[in-house]
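Please read the following with the coordinates open beside the text. The discussion starts with enclosed space and then turns to individual residues.

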Amino acid sequence: MQQEEDLFTHQDTLANLHENMPLTEKLRFLHQVMQQDFPFIDRLAIALFDEKTETLKTYTHSTEGNDSPMTTYDAPLSTAPSLRAIIEHRRPRLVQDLNIFSHGTHEHTKRVAARGYKSSYTMPLYQSGTFIGFLFFNSHQEHPFTPKALRQIDICGHLIALMVINELTAIRTLLAAVRVARNMTHYRDLETGSHIDRTAHYARLIARELSPSYHITDEQIEHIFLFSPMHDVGKIGIPDSILRKPSKLNAAEFDVMKTHPAKGREIIDSVLEDFSLETFGHVNILRNIAEYHHEAVDGSGYPNGLKGDEIPIEARISAVADVFDALTSRRSYKAPWSNENAFAMLRQMSNSKLDRDCVEALIDNVDKVLEIQQRFRDNDLI
């Protein structure tokens, strides 16, 4: 007869997935589990599709250290016909010998080959029928994927897909709730929707440039990209008489305006609690951007007078992205500055108000800045 103590002898192999940890850590854990049955799988990786720009961008991977061939990378989907075919057929792609792409000229093809990967299995990811990205299984061996193995890998692939969808759904739920509040401010302070898109892409550009020296992962870059436009959500708590005042604020009014970062943090914390997202991975990036984007590297900022590295890097990035777009955008009270004049002002503000590394990261990518400005022009300028 079975004893009560025998009822709990089995340990759930995937129990760690219940824990609060970022998607990257969950992916690495699943990779370790999969390697017990499929030791030839050397890498799992996820690339997301950006519908607005029609590009694929690296999001996360399971390899440790510098072993991944693809990080902080994006490319137009139109330049990858083999991947486009996956979407057209709505079926995974199996490449048992990557030498068939040995003459490929695309950067991603060269990077994968340089790391010694010999085969791959690629699954398209869909959410409610909408394509959202790819899941890659890579191996250093040729012809390792047998039909029997693929049947089990498919199950793991769909489990990973559900994890990704759950992550993205949580982000979208959070952003939608914060955006409702932020849009109320948007209509009150007369900022444009294009401003939101531009600041998001400037922030992503800066974060990617700083990634090697600041150890910013693709997953963190994506969150900085998504959350940077939410920096001013706290302005919803500022009276119209101050928020829309056409002239310079007096000292008392400016003191009220300086409360919006703390109000923003309060709003975000309330949303997180209401939607049970307090433990969501990387949510502190959103908190930090809202609360600290007006801190100055010399300690003269607000609300806490933080200095230098005391200010989270995501807040320093967001600050530069926002200031640059404010300078180069048309407002009722000013004409847009040229990029050259705006860059000169950013340099002047470096090491006092703004972080020099973040400023230089933006200025060093003039062509990409212009591309962002052309893609997301204000409607009245089109």
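What is the volume of the largest cavity? In this predicted model, the largest cavity has a volume of about 50 Å³, and a search of the whole structure finds 2 cavities of 30 Å³ or more. Its lining is made up of Tyr 292, His 293, Glu 295, Val 297, Ile 311, Ala 315, Arg 316, Ala 319, Val 320, Lys 353, Leu 354 and Asp 355. Helix α11, which covers residues 313–328, contributes the largest share of that lining, with 4 residues. By character, the lining of the largest cavity divides into 7 nonpolar, 1 polar and 4 charged residues.

The second largest cavity holds about 40 Å³ of space, and the residues that line it are Lys 57, Thr 58, Thr 72, Tyr 73, Arg 204, Arg 208, Asp 218, Ile 221 and Glu 222. Three elements, namely β2 (55–61), α5 (193–214) and α6 (218–227), each supply at least two residues of this lining, and α6 gives the most, with 3 residues. Here the division is 2 nonpolar, 2 polar and 5 charged residues.

Turning from the cavities to single positions, one may begin with Lys 263, which lies in helix α9 (residues 260–274). Lys 263 counts as partly exposed because its relative accessible area of 29% falls between the limits of 20% for buried and 50% for exposed. If its neighbours within four places in sequence are left aside, Lys 263 is in contact with Gly 234, Gly 237 and Ile 238. Its C-alpha atom is separated by 8.7 Å from that of Ala 290, a residue 27 places away along the chain.

The backbone also deserves attention at several loop positions. Which form does the peptide bond from Tyr 302 to Pro 303 take, cis or trans? That bond is cis, with omega near 10°, and Pro 303 itself lies in the loop between α10 (283–292) and α11.

Glu 54, in the loop between β1 (43–50) and β2, has a positive phi of about 55° although it is not a glycine. Ser 276, in the loop between α9 and α10, likewise has a positive phi of about 55° without being a glycine. As for solvent accessibility, Glu 54 is classed as exposed because its relative accessible area, 52%, is over 50%, and Ser 276 also counts as exposed, at 59% relative accessibility.

Terms used: Residues numbered from 1 in each chain as written. Predicted model: local features only at pLDDT ≥ 70, side-chain atom pairs only at ≥ 80, totals over all residues. Heavy atoms only, no water. 1 Å grid on protein atoms, 1.4 Å probe; cavity = no way out; pocket = protein on both sides within 12 Å on 5 of 7 lines; lining within 4 Å. Points joined across faces, edges and corners; volume = space filled by probe spheres on them. Nonpolar A, V, L, I, M, F, W, Y, C, P; charged D, E, K, R; others polar. Buried < 20%, exposed > 50% of the residue type's maximum accessible area, 1.4 Å probe, protein only. Contact = heavy atoms within 4.5 Å.
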